[in-house]
Amino acid sequence: PPPPPPDVIHSFPTRRFRSGIALPLSDRGEEIEALISTLAVGFSEPVKFENRDVVLQLCFGTAVHPHRASSTAELFDRALIALRRAQERHTRAEVFTTELEERLVREVAVEQRLRIGLSEEAVTVAYQPKVCLSSGGISSMEALARWTDEELGFVSPGEFIPAAERTGLIVELGRQVLECALRDVLSLRRTHPGFRVSVNVAPAQLLRDDYPAEVLAALEASGAPPDALELEVVETSLIENIDRAAAIIGELRDHGVAFSIDDFGTGYSSLSYLRRLPVQTLKIDRSFINDMTASDRDAALVKSIISMAHVLDFEVVAEGVETEVQADRLRDFDCDHGQGYLWAKPAPLAAVMRYLDED
Ligand code: C2E
Ligand code: CA
Ligand code: CA
C-alpha cells in the first residue's frame with residue numbers, strides 16, 4: 001500500500017480551480033508539451049497559504065484551433081472535454097480528439113438514459129451459480145445487473161456501472177439490485193434451504209455512512225435472513241480506506257452478512273493487509289484463471305495465492321472458469337469454488353432454478 005499522504009493534505013479540503021489559456025502557437029504538439037512542462041515545473045514546489053504548505057496538482061486538457069474548433073468558446077469546451085479525460089485517467093495532460101468527443105456524447109447519453117431507466121425500474125438482475133469444486137454442489141449465486149434501454153438497446157455492465165458511479169446513480173442501482181436479489185434468494189430457499197446470493201457493492205456505496213443501515217433495512221423488508229446475503233467488494237476500494245471499510249464490514253458481519261473480496265490480484269494484493277478486514281472469501285480475478293493454462297508461471301501464481309489464502313483462513317473462489325482443464329487444475333490446487341461459463345452463464349432466476357433442479 002502507498003504511504004499515507006503527508007499531514008498537510010489532510011488539513012485542507014481538496015479544491016479544484018480551473019483556468020483557461022489561449023495561445024498563438026506555430027508548432028502545435030511540441031510547443032504545447034513544452035508549455036505544460038514549464039507550468040508543471042513552476043507549480044511543483046508547495047506554496048505557502050495561511051502559513052501552511054499547500055501542494056498543487058496540475059492537470060491539462062488541450063484543444064487546437066482551427067482543426068478542432070470554429071470559435072473560442074468551442075475551443076474551450078473541447079479543452080474541457082480533454083481535461084475531464086485527464087482527470088478520469090489521472091494523467092497530466094490529454095489532447096482533444098473527435099473520438100474523445102464521441103465517447104463523451106455516448107457517456108452522457110448512457111448517464112441520462114440510466115437515470116430514466118432506474119426511475120422505471122428497468123434494470124434487471126441475472127444470476128450466475130458458484131460451484132463447489134470438490135462436490136460439484138451449488139449453494140450460492142452472484143447477482144449481476146442487466147440493462148436493455150428502449151433507445152440505446154443492450155448496454156453492458158462494463159459501460160453502465162461506471163456511468164452509475166460517475167453520477168452517483170450507483171446508490172439507487174445498488175439498492176434495486178439488492179432488493180431484487182434478496183426477494184429471489186428467499187424464493188429459492190423454499191426449495192434449496194441455506195442458499196445464498198452475493199451482490200456487488202461499489203466503493204461509493206460501501207463507504208457511505210448509512211450503508212449498513214440500508215442493507216439491514218433491505219434484509220428486514222425482504223424477510224431474507226442476513227446469512228442469505230454475501231457482499232462482494234473490490235480490494236482497491238478497501239485499501240484506500242481500510243479502517244473505514246473494516247468498520248462498515250465489521251458492523252454488517254456482526255449481523256451475519258458475509259463478505260468477499262472481488263477481482264483479487266488486480267490491485268495491491270497484499271494478503272497480510274487484507275487480513276485486517278473481516279472478510280471470509282477471496283475471488284481470484286478472471287485474468288489469472290484465463291492465463292493459468294497457457295503459462296506455468298501463472299499456474300504457479302494461482303496455486304500460491306490459493307495456498308496463502310488458505311493459511312490466512314480465506315475461502316477461495318476462482319472467477320471466469322471456462323474449461324475443464326482449468327477446473328481440474330483448480331481442484332489440484334485445492335481451490336474451494338469456481339464460477340464461470342463452464343458451468344453456467346449469468347441468467348434470469350427461472351433459468352438458474354431449472355439448472356439447479358437438473359443438477
Ligand atoms: P464481476 O463482479 O467481476 O462479475 C463477473 C463478470 O464476469 C460478469 O460480467 C460475468 O458475466 C463475467 N463472467 C462470468 N463467468 C465468466 C467466464 O467464464 N468467462 C468470461 N469471459 N466472463 C465471465 P458482467 O455481468 O458483464 O459484469 C461486469 C462487472 O460489472 C462485474 O464484474 C461487476 O464489477 C460490475 N457489476 C455488475 N453488476 C453490478 C451491480 O449490481 N453492482 C455493482 N456495483 N457492480 C456490478
Ligand atoms: Ca463480483
Ligand atoms: Ca470479479
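A nonpolar surface patch is a group of nonpolar side chains within 5 Å of one another, drawn from residues with over 30% relative accessible area and no salt bridge. With that in hand, here are some close-up views of this predicted model.

**View 1. A nonpolar patch on the surface.** Four residues, Ile21, Leu23, Leu25 and Leu35, make a nonpolar surface patch of about 330 Å². Leu35 sits in helix H2, which runs over residues 28-42. Leu35 counts as partly exposed, because its relative accessibility is 33%. Leu23 belongs to the loop between helix H1 (7-10) and H2. With a relative accessible area of 46%, Leu23 is partly exposed too. While you are looking at Leu23, find Val64 as well: the C-alpha atoms of Leu23 and Val64 are 9.6 Å apart in space, although 41 residues separate the pair in sequence.

**View 2. The calcium ion called ligand 2.** Which residues are the protein donors of this calcium ion? They are Glu142 (OE), Asn200 (OD1), Glu232 (OE) and Asp262 (OD), and they lie 2.2 to 2.3 Å from ligand 2. Along the chain, the donors of ligand 2 follow the spacing E-x57-N-x31-E-x29-D. Asn200 is part of strand E8 (residues 196-201) and Asp262 is part of strand E10 (residues 258-264), so this pair ties together parts that are 62 residues apart in sequence. Are these two donors buried or exposed? Asn200 counts as partly exposed, at 29% relative accessibility, whereas Asp262 is buried, with a relative accessible area of 7%.

**View 3. The calcium ion called ligand 3, and a bridge.** Here the coordinating atoms come from Asp262 (OD), Asp263 (OD) and Glu319, with Glu319 (OE) listed twice, at 2.2 to 2.5 Å from the calcium ion (ligand 3). The spacing of these donors along the chain is D-D-x55-E. What does Asp262 bridge? Asp262 links the calcium ion (ligand 3) and the calcium ion (ligand 2), and the two ions lie 4.0 Å apart. Another donor of ligand 3, Asp263, is partly exposed, as its relative accessible area is 25%.

**View 4. Around ligand 1.** How many residues are found around ligand 1? There are 23, and Gln128, Arg146, Arg286, Glu322 and Tyr341 come nearest. Two residues from the calcium views appear again in this one. A polar side-chain atom of Glu142, a donor of ligand 2, lies 3.2 Å from an oxygen atom of ligand 1. Asp263, a donor of ligand 3, places a polar side-chain atom 3.3 Å from an oxygen atom of ligand 1. For Tyr341, a backbone N or O atom is the one to look for, 2.8 Å from an oxygen atom of ligand 1. On its own, ligand 1 has 810 Å² of accessible area, and the protein covers 82% of that.

**View 5. Stepping back to the whole protein.** To place the close-ups, it helps to see the full chain. The secondary structure comes to 15 helices and 13 strands, among them the helix H2 that holds Leu35. The C-alpha trace spans about 70 × 45 × 45 Å along its principal axes. How much of the protein is made up of buried residues? Of its 359 residues, 41% are buried, and Asp262 is one of the buried residues.

How values were computed
Residues are numbered from 1 along each chain as its sequence is written. Chains are lettered from A and ligands numbered from 1 in the order in which they are written. This is a predicted model: local features need pLDDT of at least 70, side-chain atom pairs count only at pLDDT 80 or more; totals for chains, interfaces and linings use all residues. Side-chain values use heavy atoms; hydrogens and water are left out. Donors are N, O and S atoms within 2.8 Å of the metal (3.2 Å for Na, K and Ca); water is not among the atoms, so sites may look incomplete. Helices (H or I, at least four residues) and strands (E, at least two) are DSSP runs, numbered from the N terminus. Buried means under 20% relative accessible area, exposed over 50%, partly exposed in between (1.4 Å probe, protein chains only). Patches are made of residues with over 30% relative accessible area and no salt bridge: like charges are joined within 9 Å, nonpolar side chains (Val, Leu, Ile, Met, Phe, Trp, Tyr) within 5 Å. Accessible areas come from the Shrake-Rupley method with a 1.4 Å probe; for residues, only the protein chains shown count as cover. A salt bridge is a side-chain nitrogen of Lys or Arg within 4 Å of a carboxyl oxygen of Asp or Glu. A residue is near a molecule or strand if one of its heavy atoms lies within 4 Å of it. A polar contact is a pair of N or O atoms within 3.5 Å; within protein, one must be able to donate a hydrogen and the other to accept it, and residues adjacent in sequence count only if both atoms are side-chain atoms.
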